[in-house]
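User: I would like to learn how to read a structure like this one, feature by feature. Where should we begin?

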Amino acid sequence: MRLRILIVIRVLAVLALSAPALAQETRGSIEGIVKDTSGAVLPGVTVEARSPALVGVSTAITDAQGTYRFPALAPGVYEVSATLAGFSPRKVAGIQLLVGQILKVDLSLPVAGVAESVRVIATSPVIDVKQNAASAVITAEVIDRIPKGRHFTSVLVQAPGTSSETKAGGFQLDGSSGSENHFLVDGLDMTSLRTGTSNNFGNNAMNVTPTNPIRTDFISEVQVKSSGYNAEYRAATGGVVSVLTKTGSNSWHGSAGTYFDTLKMRGALRQTLRLNPADQTVAEFVRTKSADYSDWEPVFDLGGPLLHDRLWFYAGGVTEVLPSERTVTFAQNGATGTFKSTDKQYIANYNVTAQLTSKLRTRVSALDRRDKNGPALPGIEPDGITSNSTPSNFPSPIHTDNFSDQVTVSTDWVATPKVYVNVTGGMLKYGARGFGAGTELRHSFSGSNTSTTIFPDIPASLRQLNSYVDKISSSTTVRDDYTRFNLNADATYYAVFKGQHQIKAGFQFERLGNDVLTGQTQPTITLNWNASRSTFDGRQVRGTYGYWSTTKNVVTVGDIHANNVGLFAQDAWTLNERVTFNLGIRAEREDVPSYRAENPGIHFGWADKITPRVGFAWDITGDSRWKGYGRDLQRHHKARDAAGILRWAALDHLLLHARHVRLAVDHVSGRTAAGRGELPRHIHRANRFASPVQ
């Protein structure tokens, strides 16, 4: 109910305020020259563009050079027609316009005869011969027919030069790493502020994340640009991925269905390699059964006209419920129990497209998501029943909830046949809240001490396997909220001077924020059995049994904001209708704030980030069928983890004899300074028996 109310309030507020938003490419363009059969240009020709993807009809009049332009068209299949008194009208049908493309469609009008008729010319697919970017577009028709996951990034590998980089949580585009790309949904930058990736990993089995919750069911197109961006694009050392969601149309359309998955539908278990919990020197292949689960994901969408040729709407929703359970017998006490956990996710995607006047078009889109994640289940051994987890830690009270809210508004205004203006902007907020974390000091084992040969005098009550913990983790997310506000405005002017010029200039403003408090609230004592510690001077030291560490690991805290501004100017200069030079320059002022008052942030002034953009495109045969192109550009990106936000504390001590084990493991209630982050007093007692390792 809260999500439904939020959706209604958000739509009403956006429509009332009409706040502009940041977008990159969410449109395409069609342009061309109209001539008569002798090759002379025809000024004053009325040219119309029609498409099921377009609200109403776009109309243009050819200028003195016979040129017409449609600078802001929604991606789709178009029909372009031309009429002029005294000439037979012509139509070109089946023009597939993809996001970001500039298609050249020329028409030739014969003199009208006695019996005038409209001739429809079927054209084979044309390509963009104006731009030098290396890009690929994956349409909804292709997405419907290919194997894929539920997240939009699962279709990216269809683009040439794109591969999954799972270890870095991202995708390689044109050889870049996973943290060097930009990801846009309906024009709003959804790139993770922390890691710089698409964050295609999750806190639960649903594998959908706060920054990128869009499902493939709601996608109209995915554009992947690997290189050759114009100056309007901010710097990125990798690629730019633009996702457009579906919109309404003049006809009603919709669908409803459900996805279902269960453990019984999976194939045979695969072997995995692990170190034996009782002896970390032995590697073994095992098959470990997953928890029993049933994943239900009902999905629906509906779109259509609120006002024919004036106002369209589209809405889609997903509710995913993933219950799972596991029955185990704990090795520590022999008790058997069944434990359950349920993850829930709610996603709403909706937009409104309005043709306000014949020259003014606006699109409002929003995407909201809520995650209610269940707690972790106890681990299980390859026998399918035994668990080495600590019985007192289950059922676990720890869980994390996520949220994400996005709203984008884009307005296109064709002021004159030579001037086109776009103002776009948006806001993104996403974050997490943790619940149920522990409040006591925690002890853990790295390695096992169950061997009576290696550890003959360790009491039986203190013998445990690798990864043993006596308490639940005190690590929690009090808050981790990210905000991004973008505002973009640009104007395009079409001129004729020794060729055709498409001159574009604009500015982009971005305000980023992160309010975070995460990490351990209490220290952890880790006993590293039969292990050595590397000192700062390169020595390997250890006690009789190894060494033990006291840590209060990564505590992330801060409340920062930064304002970044970009300016750009570019010119697409077309010579003799065949060769286009794309020339541009971009300058940025950027701040990387510090999360700690004692450390200064990083500031880049205008002179520090000036980037020229140069490229060319050649229509080899003059019929938009073959293109040669080249480009050069520079790139840049950063992430939170490189900004000095993470902090931790650690003390290491040698395990010299059995009493150190008892002192380290025997936790006495009341000896931790809860809430103040101080080390417990019994750790200081242990220092009398073992000097800290330097």
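Analyst: The accessible surface of this predicted model comes to about 31,100 Å², and carbon and sulfur atoms hold 57% of that area. Of the 694 residues in the protein, 51% are buried. The chain forms four helices and 38 strands.

User: How much of the contacts in the protein comes from residues 24 or more positions apart?

Analyst: Among contacts with a separation of 6 or more, such residues account for 71%. One case is V421 in strand 26. V421 and D490 are 69 residues apart in sequence, yet their C-alpha atoms are 6.0 Å apart. Beyond four places in sequence, V421 touches T411, D412, W413, D490 and A491.

User: How do I read a sheet, and what is the strand order in the open sheet of five strands?

Analyst: Strands of a sheet pair through backbone hydrogen bonds, either parallel or antiparallel. Here the order is 10-15-16-13-14, and the pairing is mixed. Strand 10 (134–139) and strand 14 (188–189) are the edge strands, each paired on one side only. Within the sheet, strand 13 (residues 182–185) and strand 16 (residues 240–245) run in the parallel sense, joined over four bridges. L184 has S242 of strand 16 as its bridge partner.

User: Which residues in the largest nonpolar core touch the most other members?

Analyst: That core has 31 residues, and those touching the most other members are F152, L156, I214, I219, V222, V241 and V243. The elements giving two or more residues to this core are strands 10, 12 (170–173), 13, 15 (219–227), 16, 21 (311–330) and 26 (419–435). Strand 15 provides the largest share, three residues. V243 shows the surroundings of one member: leaving aside neighbours within four places in sequence, V243 is in contact with F152, L184, V185, D186, I219, E221 and V222. Apart from this core lies another, of 23 residues, including A49, Y68, F70 and V105.

User: Which residues form the nonpolar patch on the surface?

Analyst: The patch consists of F581, L583, V614, F616, W618, I620 and W626, with about 660 Å² of accessible area together. Strand 34 (579–592) and strand 36 (610–619) each supply at least two of its residues, and strand 36 gives the most, with three.

User: Why is W618 classed as partly exposed?

Analyst: W618 has a relative accessible area of 38%, and the partly exposed class lies between 20% and 50%, so W618 falls into that class. W618 belongs to strand 36.

User: Now the charged side chains. How many salt bridges are there?

Analyst: The count comes to 25. In one of them, the side chains of R150 and E297 meet at 2.8 Å, N to O. The pair links distant parts of the chain, 147 residues apart: R150 is in the loop between helix 2 (140–145) and strand 11 (162–165), and E297 is in strand 20 (residues 292–307).

User: Are R150 and E297 buried or exposed?

Analyst: Buried means under 20% relative accessible area, so R150 at 17% is buried. E297, at 3%, counts as buried too.

User: What other salt bridges are worth reading?

Analyst: The side chains of R215 and E320 also meet in a salt bridge, at 2.8 Å, N to O. R215 lies in the loop between strand 14 and strand 15, and E320 in strand 21, 105 residues apart. Both R215 and E320 are buried. R150, R215, D217, E297 and E320 are linked in a network of salt bridges. Another salt bridge joins E588 and R586, at 2.7 Å, N to O, and both of these residues are buried.

Technical notes. Residues are numbered from 1 along each chain as its sequence is written. This is a predicted model: local features need pLDDT of at least 70, side-chain atom pairs count only at pLDDT 80 or more; totals for chains, interfaces and linings use all residues. Side-chain values use heavy atoms; hydrogens and water are left out. Two strands pair if DSSP finds at least two bridges between them. A nonpolar core is a set of buried Ala, Val, Leu, Ile, Met, Phe, Trp, Tyr and Cys residues joined through side-chain atoms within 4.5 Å. Buried means under 20% relative accessible area, exposed over 50%, partly exposed in between (1.4 Å probe, protein chains only). Contact means heavy atoms within 4.5 Å. Patches are made of residues with over 30% relative accessible area and no salt bridge: like charges are joined within 9 Å, nonpolar side chains (Val, Leu, Ile, Met, Phe, Trp, Tyr) within 5 Å. Accessible areas come from the Shrake-Rupley method with a 1.4 Å probe; for residues, only the protein chains shown count as cover. A salt bridge is a side-chain nitrogen of Lys or Arg within 4 Å of a carboxyl oxygen of Asp or Glu.
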